[in-house]
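Let us read a structure together, with the learner asking and the teacher answering.

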Number of protein chains: 10
Amino acid sequence: MSDLPIEVFDNPQPGRDYVIEHTSEEFTSVCPVTGHPDFGTIVLRYVADEKCIELKSLKIYYQGFRNRGIYYEAVTNTILDDLVAKSAPRWMEIETHWAGRGGISSVIKARHDG
Amino acid sequence: MSDLPIEVFDNPQPGRDYVIEHTSEEFTSVCPVTGHPDFGTIVLRYVADEKCIELKSLKIYYQGFRNRGIYYEAVTNTILDDLVAKSAPRWMEIETHWAGRGGISSVIKARHDG
Amino acid sequence: MSDLPIEVFDNPQPGRDYVIEHTSEEFTSVCPVTGHPDFGTIVLRYVADEKCIELKSLKIYYQGFRNRGIYYEAVTNTILDDLVAKSAPRWMEIETHWAGRGGISSVIKARHDG
Amino acid sequence: MSDLPIEVFDNPQPGRDYVIEHTSEEFTSVCPVTGHPDFGTIVLRYVADEKCIELKSLKIYYQGFRNRGIYYEAVTNTILDDLVAKSAPRWMEIETHWAGRGGISSVIKARHDG
Amino acid sequence: MSDLPIEVFDNPQPGRDYVIEHTSEEFTSVCPVTGHPDFGTIVLRYVADEKCIELKSLKIYYQGFRNRGIYYEAVTNTILDDLVAKSAPRWMEIETHWAGRGGISSVIKARHDG
Amino acid sequence: MSDLPIEVFDNPQPGRDYVIEHTSEEFTSVCPVTGHPDFGTIVLRYVADEKCIELKSLKIYYQGFRNRGIYYEAVTNTILDDLVAKSAPRWMEIETHWAGRGGISSVIKARHDG
Amino acid sequence: MSDLPIEVFDNPQPGRDYVIEHTSEEFTSVCPVTGHPDFGTIVLRYVADEKCIELKSLKIYYQGFRNRGIYYEAVTNTILDDLVAKSAPRWMEIETHWAGRGGISSVIKARHDG
Amino acid sequence: MSDLPIEVFDNPQPGRDYVIEHTSEEFTSVCPVTGHPDFGTIVLRYVADEKCIELKSLKIYYQGFRNRGIYYEAVTNTILDDLVAKSAPRWMEIETHWAGRGGISSVIKARHDG
Amino acid sequence: MSDLPIEVFDNPQPGRDYVIEHTSEEFTSVCPVTGHPDFGTIVLRYVADEKCIELKSLKIYYQGFRNRGIYYEAVTNTILDDLVAKSAPRWMEIETHWAGRGGISSVIKARHDG
Amino acid sequence: MSDLPIEVFDNPQPGRDYVIEHTSEEFTSVCPVTGHPDFGTIVLRYVADEKCIELKSLKIYYQGFRNRGIYYEAVTNTILDDLVAKSAPRWMEIETHWAGRGGISSVIKARHDG
């Protein structure tokens with residue numbers, strides 16, 4: 001995990017609990033069964049403790065899934081685990097929204113309480 | 001029930017309660033009274049325990065209602081009962097939305113607490 | 001009241017509390033003061049006990065208001081009282097939405113706890 | 001036809017061709033076959049010659065269809081014929097939009113060139 | 001205050017707590033500083049006790065602000081105070097929404113608990 | 001073709017060219033390759049000559065595709081050919097809109113000039 | 001007319017025909033029959049010749065209708081005539097959109113070719 | 001801080017807790033890293049104690065960020081701190097919404113309890 | 001070009017000019033300058049001559065751009081050239097819509113007349 | 001003009017007339033009269049001849065208006081003139097959309113035929 005491209009910076013207001021939300025509408029990974037690409041939107045929502053997640057590195061981190069075969073449920077939990085490990089937030093939530101496959105669209109929501 | 005086409009796979013993160021939602025906008029069954037087709041959207045929302053529901057088999061399962069005469073209320077409760085029996089979730093909810101008949105549209109929501 | 005055209009059928013799943021919602025976008029009655037027609041949407045939401053309300057009879061029942069002079073507040077409470085009397089639900093809610101009159105649109109919401 | 005409730009007033013600017021459009025979202029008539037009410041929106045669009053159509057009388061005229069059994073196609077052509085006869089416009093167009101019946105919604109558009 | 005044009009009528013169902021909401025999208029007053037008109041939407045939401053507010057008189061009452069110089073905050077509280085005084089509701093809420101001034105739009109919400 | 005369930009009625013205004021449009025949002029057929037159901041919306045637009053198409057029979061006709069394996073392009077041209085043969089319109093147009101398959105949605109538009 | 005508050009400024013690019021459009025969503029006048037206020041949106045669209053219309057003075061000009069009793073058709077033609085007289089455009093168009101009265105909303109469109 | 005351009009006026013109704021919300025869709029600052037402009041919407045929501053925030057001065061205050069290099073998180077907390085210091089509200093909340101950068105849009109929400 | 005994965009099938013109705021449109025909302029390629037992924041929607045619109053384009057092969061063909069560095073303008077013209085070469089249509093049009101980069105979104109439209 | 005930051009690159013398909021459209025929703029300049037910022041959206045639409053406009057340089061060029069006092073009409077014509085001079089297109093169109101000032105929003109459209 002030490003080689004994840006996620007970078008952090010000092011929380012400018014650690015004395016206050018406030019919510020930060022970043023929504024990426026340009027996420028793509030690959031279905032491990034069919035090999036076809038999956039397209040989704042990733043919503044990250046958290047209350048920082050000492051560290052905030054740097055936006056450009058978050059984008060690079062998300063791009064790392066581009067050619068990886070992985071299920072929706074695993075993408076969601078992996079992102080949550082990685083970002084928690086890197087930024088140690090007071091609270092964090094990942095919501096992934098997936099475009100339809102065979103007429104079925106999906107949403108997965110996972111939360112970490114620090 | 002043993003012959004339902006629903007398949008499951010191992011929950012990749014059973015240590016965490018997280019919500020999975022699959023929305024199928026392409027559901028159709030038949031009105032048992034008039035014989036005319038009904039068209040609806042089925043929302044499945046659950047927290048998996050040991051098993052997650054496999055998407056392609058869910059689609060096949062839904063297609064099994066295509067030529068079956070059944071009321072809205074029964075569709076909703078049947079889907080909930082079948083999916084609970086097959087996947088033993090911690091919590092599950094089925095919401096069915098039905099296009100208008102004679103100027104009246106309908107929504108049915110049922111929940112199972114594991 | 002015995003002559004209301006509302007019909008009921010047996011709740012297919014009385015062992016479970018689940019919510020049924022029927023929305024009629026084609027309701028019309030008459031303003032008792034001006035004699036002009038009023039147009040509205042009626043949302044019925046309930047948890048059935050022993051009996052569910054049959055959709056076609058509900059439509060006929062709503063049509064009975066077509067040429068009746070009656071205020072918004074009275075329409076709402078009358079529908080709630082009639083449907084409660086006929087179906088004895090565990091819980092029921094009526095929401096009426098009314099198109100604008102003189103630039104003012106209205107919503108009335110009444111609830112019955114069984 | 002002399003007893004139609006449509007009233008007209010002098011065109012304030014007969015020297016200019018300009019378009020007047022009145023949209024009524026609260027039209028209802030009755031299906032001549034089933035006896036069930038139909039709900040629609042009526043769009044009237046015209047270039048007046050000597051006379052403009054008075055709005056309140058237009059509303060009363062539309063209300064006259066409330067309990068009349070008549071097909072969509074006939075409603076559309078009847079309104080166009082009546083309004084042309086009463087106001088002798090340079091050009092007139094009637095568009096009727098009808099809420100869904102059995103999953104089918106309809107639009108009828110008829111035009112008169114003066 | 002005795003000369004406010006607000007009229008009331010008997011609550012048809014005083015035995016039940018139900019919510020009445022009237023939304024006027026056509027409110028205008030004048031900015032006391034610049035003299036320019038302000039345009040807003042007024043939402044009135046209440047649970048009646050003995051008396052309901054009559055709609056046409058409400059419209060006339062709102063028209064009384066047309067040429068009056070008054071701040072958003074004062075409009076909101078004045079309407080709430082006037083309507084409470086005239087109708088003695090169990091509960092009442094006024095929400096005013098104001099179109100943008102210099103790129104800033106506003107909402108004011110005040111509540112009275114009877 | 002003589003056994004198609006399409007019925008017609010006399011055009012109430014054959015002296016005028018006017019457009020009739022019926023939109024069915026509840027069409028389903030089957031993909032001839034995969035056997036999976038396809039879901040679509042069918043827009044029929046025409047200028048009648050002597051005969052108008054009866055709505056209820058149109059609905060029954062559309063339902064005849066429910067379990068038939070047929071491509072989008074063939075559905076569109078077949079409906080156009082059948083309705084032209086049955087109603088001999090002055091002009092007719094069929095537009096079919098198809099929900100996404102593998103992230104690709106489709107529209108097919110065919111026209112007949114009488 | 002010389003006292004109309006409309007001001008103009010030199011067209012910065014008279015050598016090119018280009019379209020200028022100003023939309024005011026905050027127009028109000030008074031119905032000459034009922035005395036109730038009317039609310040509308042005014043769209044002004046023109047190709048300037050030597051002079052462009054100054055925005056702030058346009059706003060003041062529109063405010064001059066606030067307490068004036070005048071029909072929709074007259075408002076539209078009056079604004080067009082006044083602005084043409086003051087700015088001598090190559091081409092000008094006024095579109096007025098009016099909120100619903102008794103369930104009927106209206107649009108009036110008039111054009112001047114210079 | 002004494003030189004902030006924020007002005008206040010007396011709360012017209014200090015005896016009542018009511019919510020005031022001002023939304024500015026025209027905020028811009030500069031990214032401290034890339035030097036490129038950031039565009040956002042600022043929502044201010046508060047319950048005034050003795051003083052209300054004057055709208056025009058709020059606009060001027062926001063304009064002060066136009067050419068300042070500052071992160072999203074810092075903008076949000078700075079605005080909250082400045083407005084709390086100037087107006088001593090009973091409760092205040094700042095929500096900033098930021099247009100996408102590299103396909104990622106953001107929302108920051110901070111709250112002060114007086 | 002002979003190795004492009006595009007497949008065709010016989011036009012079921014070559015005697016009629018009709019329009020086929022396929023919209024793929026899940027296209028991604030790579031910016032040749034920055035190496036960052038681009039996300040877009042591709043609209044293909046054509047009138048077939050002898051051959052129609054098979055949908056599944058179209059999807060596979062689009063997936064071939066996934067890791068290719070190529071400009072918007074080149075993607076659009078390349079797709080048009082490839083599909084024209086493979087299907088020899090009577091007329092074809094490609095519209096590509098691209099999500100924002102640095103606050104600028106783009107659309108490219110190219111057409112081939114057979 | 002030689003110092004404008006606009007860069008061009010070779011049109012990859014000069015043999016075909018195709019339309020390129022870039023929409024920037026993040027434009028801001030300053031009102032020359034009041035000194036307050038103006039916010040707008042700029043749509044550039046053109047058919048390239050030999051040269052296409054490079055996106056990043058376009059963004060930098062637009063940023064050059066950030067602190068410049070200039071009218072809507074002048075912004076529009078200036079951008080059109082600058083981009084024509086730099087890229088010599090076959091055809092070009094600039095549409096600027098401006099957020100409301102005093103309740104009036106504006107659109108300016110200018111076109112150059114090469």
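Q: How many residues of chain B are in contact with chain A, and how many of chain A with chain B?

A: Before counting, please note that this is a predicted model, in which local features need pLDDT of at least 70 and side-chain atom pairs count only at pLDDT 80 or more, while totals for chains, interfaces and linings use all residues. Residues are numbered from 1 along each chain as its sequence is written, and chains are lettered from A and ligands numbered from 1 in the order in which they are written. Two residues are in contact if their C-beta atoms, placed from the backbone, lie within 7 Å. By this rule, 17 residues of chain B are in contact with 15 residues of chain A.

Q: Which elements of chain B supply at least two residues of the side that touches chain A?

A: Helices (H or I, at least four residues) and strands (E, at least two) are DSSP runs, numbered from the N terminus. On the side of chain B that touches chain A, β2 (19-30) and α1 (55-63) each supply at least two residues, and β2(B) gives the most, with 8 residues. To sort residues by class, Ala, Val, Leu, Ile, Met, Phe, Trp, Tyr, Cys and Pro count as nonpolar, Asp, Glu, Lys and Arg as charged, and the others, Gly among them, as polar. This side of chain B then has 7 nonpolar, 4 polar and 6 charged residues.

Q: Which strand of chain A is joined to β2(B)?

A: Two strands pair if DSSP finds at least two bridges between them. Here strand β6 (residues 104-113) of chain A is joined to β2(B) by 6 bridges, and the two strands run antiparallel; one of the bridge partners in β2(B) is B:S24, which faces A:I104 in this pairing.

Q: What rotation superposes chain B on chain A?

A: Copies are superposed by least squares on the C-alpha atoms of residues with pLDDT of at least 70 in both. Chain B falls on chain A after a rotation of 72° with 0.0 Å of shift along its axis (RMSD 0.0 Å), and that is the relation of a five-fold axis.

Q: What turn lays chain D on chain C?

A: A turn of 180° with a shift of 0.0 Å along the axis lays chain D on chain C with an RMSD of 0.0 Å, so the two copies are related as by a two-fold rotation axis. The same surface serves both copies, since 100% of the contact residues of chain D recur in chain C. The contact takes 7 residues from chain D and 7 residues from chain C, and on the side of chain D that touches chain C the elements giving two or more residues are β2 (19-30) and β3 (37-47) of chain D.

Q: How is chain A built along its sequence?

A: Chain A has 2 helices and 6 strands, which follow the pattern β-β-β-β-α-α-β-β when read along the sequence.

Q: Is E:A88 buried or exposed?

A: A residue is buried if 20 or more other C-beta atoms lie within 10 Å of its own, exposed if 12 or fewer, and partly exposed in between, with C-beta atoms placed from the backbone. E:A88 has 14 C-beta neighbours inside 10 Å and therefore counts as partly exposed. E:A88 is found in the loop between α2 (72-87) and β5 (91-101) of chain E, and its phi is near 45°, a positive value in a residue other than glycine.
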